[in-house]
Amino acid sequence: MLSKRAKAKLEVLMTSRKRNLARHIYILHRYFNEWALAKWQNDGWGEIRPEHLRLISIVGTDVVNNNELAKRARVSKQAMSKMVTDLETRGFIVVEPDPHDSRAKIISISEEGVNFLEYFNQCAKVLEDKFTAIIGQKKKEQLVDILSELTEGILDCEKKEWVKK
């Protein structure tokens with residue numbers, strides 16, 4: 001049983017959660033993952049997982065090695081190697097020897113990876129339309145502007161290593 005003090009703290013916490021940004025980000029993230037996985041499965045892209053999207057979108061038009069991808073994705077080299085192997089096996093990326101370093105491999109997106117990114121953009125539009133139906137076009141545009149500014153600010157701060165402090 002909670003003490004009176006703990007009950008009072010809990011009441012304040014429960015009241016403030018409606019304005020808790022981290023909670024809203026978590027709920028949106030969870031919703032996106034659940035919605036996307038169901039849609040991707042239904043549309044024949046069931047082998048793709050949200051974590052794969054991180055790698056596919058990072059590769060983009062660049063041709064990079066595993067270490068650079070791991071750095072960009074902020075994951076360990078081992079985790080990235082596993083993801084690279086998984087996506088190469090599924091045909092979403094291409095891994096080739098680095099002509100400048102016989103020990104390294106160059107990773108690039110494949111035709112199938114480009115096809116998935118095109119499909120993903122279509123899915124994003126469907127999801128964006130769902131959000132627009134809830135909050136309206138004007139608020140959706142404001143939300144996108146604010147999130148873009150926040151995202152760019154975070155990415156800029158990462159370059160300065162602000163996030164690690």
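Here are some worked exercises on the structure shown above.

The model is predicted: local features need pLDDT of at least 70, side-chain atom pairs count only at pLDDT 80 or more, and totals for chains, interfaces and linings use all residues. Residues are numbered from 1 along each chain as its sequence is written, and side-chain values use heavy atoms, with hydrogens and water left out.

**Exercise 1. The sheet**

Task: Work out the order of the strands in the open sheet, and find which strands stand at the edges.

Solution:
- Start with the vocabulary. Helices (H or I, at least four residues) and strands (E, at least two) are DSSP runs, numbered from the N terminus. Two strands pair if DSSP finds at least two bridges between them.
- Now look at E1 and strand E3 (residues 101-109), which pair in the antiparallel sense over two bridges. Asn65 has Ile106 in E3 as its bridge partner.
- Next, E2 and E3 are paired, again antiparallel, over six bridges. Val95 stands opposite Ile107 in E3, and Ile93 has Ile109 in E3 as its bridge partner. Two residues lie between E2 and E3, which form a hairpin.
- Put the pairs together: the order in this open sheet of three strands is E1-E3-E2, with antiparallel pairing. Strand E1 (64-65) and strand E2 (93-98) each have a single partner strand, so they stand at the edges and one side of each is left without a neighbour in the sheet.
- Finally, add the helix. Helix H5 (residues 77-90) packs on the sheet and touches E2 and E3; its direction makes about 115° with that of E2. For such angles, axes are lines fitted to C-alpha atoms, for helices over the stretch in contact, and angles run from 0 to 180 degrees between N-to-C directions.

**Exercise 2. Two residues of E3**

Task: Decide whether Ser108 and Ile109 are buried or exposed, and list what each touches.

Solution:
- Set the cut-offs: buried means under 20% relative accessible area, exposed over 50%, and partly exposed in between (1.4 Å probe, protein chains only). Contact means heavy atoms within 4.5 Å.
- Ser108, found in strand E3, has a relative accessible area of 15% and is therefore buried. Leaving aside neighbours within four places in sequence, Ser108 is in contact with Val59, Asp62, Val63, Ile93 and Val94.
- Ile109 is also placed in strand E3. At a relative accessible area of 18%, Ile109 is buried. With neighbours within four places in sequence left aside, the contacts of Ile109 include Ile56, Val59, Phe92 and Val114.

**Exercise 3. The largest pocket**

Task: Describe the largest pocket by its volume and its lining.

Solution:
- A pocket is found on a 1 Å grid over the protein atoms alone: a cavity is a set of points where a 1.4 Å probe fits but cannot get out, while a pocket is an open set with protein on both sides within 12 Å along at least five of seven lines; lining residues have an atom within 4 Å of a point.
- For the volume, grid points are joined across faces, edges and corners, and the space filled by probe spheres set on the points is taken. The largest pocket holds about 1,900 Å³ of space.
- For the lining, there are 35 residues, and Ile25, Leu28, His29, Leu147 and Thr151 lie nearest the centre. Helix H2 (21-42), helix H3 (50-59), helix H6 (111-135) and helix H7 (137-159) are the elements that give two or more residues to this lining. H7 gives the most, with 12 residues.
- Sort the lining by character: 22 are nonpolar, seven polar and six charged. Here Ala, Val, Leu, Ile, Met, Phe, Trp, Tyr, Cys and Pro count as nonpolar, Asp, Glu, Lys and Arg as charged, and the others, Gly among them, as polar.

**Exercise 4. An unusual backbone angle**

Task: Find where Arg74 lies and what stands out in its phi.

Solution:
- Arg74 sits in the loop between helix H4 (66-73) and H5.
- Most residues other than glycine have a negative phi. Arg74 is not a glycine, yet has a positive phi of about 60°.
- With 48% relative accessibility, Arg74 counts as partly exposed.
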